[in-house]
Amino acid sequence: MVQAEHSAEPGKAEEGCSMGSRARTSSRWSFGVQNPKVITTQVPGKSTAPRTKSPAAINATNKSAPKTTRNGSIILDPQPSSSPNDPLNWPPWQRDLALASLSIYCMVGGGMTPLLAAGFTDIAASYAISVPQVALATGMFMLGLGVGCVLVSPTAILYGKRPVYLASTLVFAAASVWCALSPDFASLLAARILQGVAVSPVEALPSATIAEIFFLHERAFRIGVYALMLLGGKNLGPLASAAAIDRLGWRWVVVMVGGLCGVLLFLFVPETFWDRAETDEEKTAEVVGSDAVSRSSNSPTATPQDDSKTSTEMRAISQEESAAESRTGIQPDINNSGPVPVAAKGTNSSLCITNDIERQRATKDVNSITVPFSFVSHLTPWHGRLRASSKWHLVALRPLILLTYPSILYSAAVYACCMGWLVILSETMALVYRTPSTYNFSALSAGLVYLSPFIGGVLGTAVAGRASDIMVQAMARRNGGVFEPEFRLVMVAPVALTTAIGLMGFGWSAQAHDAWIVPTIFFGVVSFGCALGSTTAITFCVDSYPQFAGEALVTLNFSKNIFHGLVFSLFVTGWVEADSFKSVFIWIGIIQLILLVFTVPMYMYGKRARHWTAEKGLCQSILYSC
């Protein structure tokens, strides 16, 4: 475990303590965040201590210095191995090409949620049903997304992400054809569920893939690209589909997607898994079939002293420097030799593979791993089971278990609402813009309205990343150089303001039949606030429990799709017809404000909650045994 350095502020207690160490008291406050009264274990969450030594100084005082960027200003995290087949050592163009291919798939998959929004009235006419009933097609798609996230996450953990990505494109194509040929509405709903399951990897896996092929200081920009493409699909997808619906009909829309994505994923997104829990004798561990490496069955465990020393040196870097380097695009220097850190006791023991692969690896010439795998070898769809001892059903339970963690539960609620309100707005688009009693837009004109939320979402994503980084860096400096995940929650204030104003203004202006541009602008304001809120929820969640980042993101998306997207789709359009736009969206704005009020206690007591989960070992046995 990491033993953090003392703060520069007089009287400030240490940020962390090692497991099993003697309990100690701590100062009560940490820039408004209440510290645990007695610290008995390390508090989960990222804490960046002040930089006390330059890489040159570290190199001069240590025989085994960690690897750094070319200019030596950033210690690489995670530390790459010496193998050219380590995804972190791939050429920059290969890693960025994989990201671009994956982002295109995410844009297509993200656009499938509101794909039919502009054509609700056309679908209602085709099946002789009401427009509120058609909204159920979106709810069923989100049901498939929620269930799919829980299914594909453990499958990718055990068998690799590449086979999941490739299989999803095939199922996606088949489900799209089924949607187009559906003879009745019940068949369409079933096809939409399967379609949701098929594209669920775009929400559950890309963040983990990015973490496996980019260093910590490189991830912010790449995750922003992924988020922008996913958001762009949700907002520009309806625009493209509206044009197709206007000319060809709604059935053609669901067929004209997905083909290119499968080709790009097959050619340019190889398996990215690499086991970094290596021993000193296995610094250059080989990827089996270009991806999966195993931990030797007789691997020694690192001593707590060595682990603490290495971890402290690796993490002795300020967030400000990391953010600056991520914007400059500096590439790592893998020639700076250094050890790959040994996994500390208590890390996920499920990172292992079959004995056959271990024996195969044990018999290989160590020098052979210096030769990069060929392009053809990267095309192999599947390289065998990555973890032999893990049970699928236990891995599948991880995201649900994490709902017992207060920080993750809060993040899930905020993320679900921020993303869910955009879905609710898309479900009411036909009622607001296409009915004769309102604006009587065509499908294409209604689709063009989505330019407003797209612009708002782009601005919100850009502001969220930049403003949040500046804010937490300033707060960390004032806090003696110690970063707390709760600092991210300061961004909730503009989230509450913009989403409440946008939601209430949209409903009020639509009810008053103001000029069409008025509710359209409010739609963009909602999108701006929701982009801020979703980014804040994700960063707070991941910063609070970085060791559970992959499972936590599945938890967030499951909550968004099931607890919000599906549930609200069952009644919100009927609620609008029975009441009014003004009343419905004012109440939705109030719900949003009530939820965000809980940010205050979460900011103040979130650190104590994180310490409590670590002290009690809440769910640790289940999370690590699978």
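The following exercises, each with a worked solution, concern a predicted model of a protein.

**Exercise 1. The overall make-up**

Determine how many helices and strands the protein has, and what share of its residues counts as buried.

*Solution.* Begin with the secondary structure: the protein contains 28 helices and four strands. Next, consider burial. The chain has 626 residues, and 56% of them count as buried. Finally, turn to the contacts between residues at least 6 apart in sequence: 81% of these join residues at least 24 apart.

**Exercise 2. One side of helix 3**

Identify the buried residues of helix 3 and establish how they are arranged around its axis.

*Solution.* Helix 3 spans residues 120-127, and its buried residues are Phe120, Ile123, Ala124 and Tyr127. These residues lie on the same side of helix 3, because the arc they cover around the axis is only 100 degrees. The next step is to ask what they pack against. Their partners are helix 4 (131-134), helix 5 (136-159), helix 7 (185-199), helix 11 (250-253), helix 18 (406-427) and helix 19 (429-434). The last step concerns the end of the helix: Ala128 follows helix 3 and has a positive phi, near 55 degrees.

**Exercise 3. Positive phi in two loops**

Locate Asn440 and His513, and state the sign of phi for Asn440 and for His513.

*Solution.* A general point comes first: most residues other than glycine have a negative phi. Asn440 sits in the loop between helix 19 and helix 20 (443-448). Its phi is positive, near 55 degrees, and Asn440 is not a glycine. His513 occupies the loop between helix 22 (492-511) and helix 23 (517-544). His513, also a residue other than glycine, has a positive phi of about 55 degrees. As to its surroundings, His513 counts as partly exposed because its relative accessibility is 46%, which falls between the limits of 20% and 50%.

**Exercise 4. Two residues of helix 22**

Decide whether Ser509 is buried or exposed, and do likewise for Leu497.

*Solution.* Ser509 is placed in helix 22. Its relative accessible area is 3%, under the limit of 20%, so Ser509 is buried. A polar atom of the Ser509 side chain lies 2.8 Å from the backbone oxygen of Gly505. Not counting residues up to four places away in sequence, Ser509 touches Tyr439, Asp514, Val518, Pro519 and Phe522.

Leu497 is likewise located in helix 22. Its relative accessibility is 54%, over the limit of 50%, so Leu497 counts as exposed. In sequence, Leu497 and Val525 are 28 residues apart; in space, their C-alpha atoms are 9.9 Å apart.

**Exercise 5. Two buried residues**

Describe the surroundings of Asn561 and of Val164.

*Solution.* Asn561 belongs to helix 24 (residues 549-569). With a relative accessible area of 0%, Asn561 is buried. The side chain of Asn561 reaches the backbone oxygen of Asn557 at 2.9 Å. Once neighbours within four places in sequence are set aside, the contacts of Asn561 are Met142, Leu145, Gly146, Cys149, Glu203 and Leu566.

Val164 is part of helix 6 (residues 161-181). Its relative accessible area of 10% is under the 20% limit, so Val164 is buried. Val164 touches Val152, Thr155, Ala156, Pro201 and Leu205, residues up to four places away in sequence not being counted. Although 218 residues separate Val164 from Trp382 in sequence, the two are 9.3 Å apart in space, C-alpha to C-alpha.

**Exercise 6. The largest cavity**

Find the volume of the largest cavity, and name the element that gives the largest share of its lining.

*Solution.* The structure holds four cavities of 30 Å³ or more. The largest cavity contains about 140 Å³ of space. Its lining consists of Thr113, Pro114, Lys234, Asn235, Met419, Leu422, Val423, Ser426, Tyr450, Pro453, Phe523 and Lys560. The elements that give two or more residues to this lining are helix 10 (216-248) and helix 18. Helix 18 provides the largest share, with four residues. Sorted by class, the lining has seven nonpolar, three polar and two charged residues.

Definitions and conventions:
Residues are numbered from 1 along each chain as its sequence is written. This is a predicted model: local features need pLDDT of at least 70, side-chain atom pairs count only at pLDDT 80 or more; totals for chains, interfaces and linings use all residues. Side-chain values use heavy atoms; hydrogens and water are left out. Buried means under 20% relative accessible area, exposed over 50%, partly exposed in between (1.4 Å probe, protein chains only). A polar contact is a pair of N or O atoms within 3.5 Å; within protein, one must be able to donate a hydrogen and the other to accept it, and residues adjacent in sequence count only if both atoms are side-chain atoms. Contact means heavy atoms within 4.5 Å. The arc is that of the directions from the helix axis to the C-beta atoms. On a 1 Å grid over the protein atoms alone, a cavity is a set of points where a 1.4 Å probe fits but cannot get out, and a pocket is an open set with protein on both sides within 12 Å along at least five of seven lines; lining residues have an atom within 4 Å of a point. Grid points are joined across faces, edges and corners, and a volume is the space filled by probe spheres set on the points. Ala, Val, Leu, Ile, Met, Phe, Trp, Tyr, Cys and Pro count as nonpolar, Asp, Glu, Lys and Arg as charged, and the others, Gly among them, as polar.
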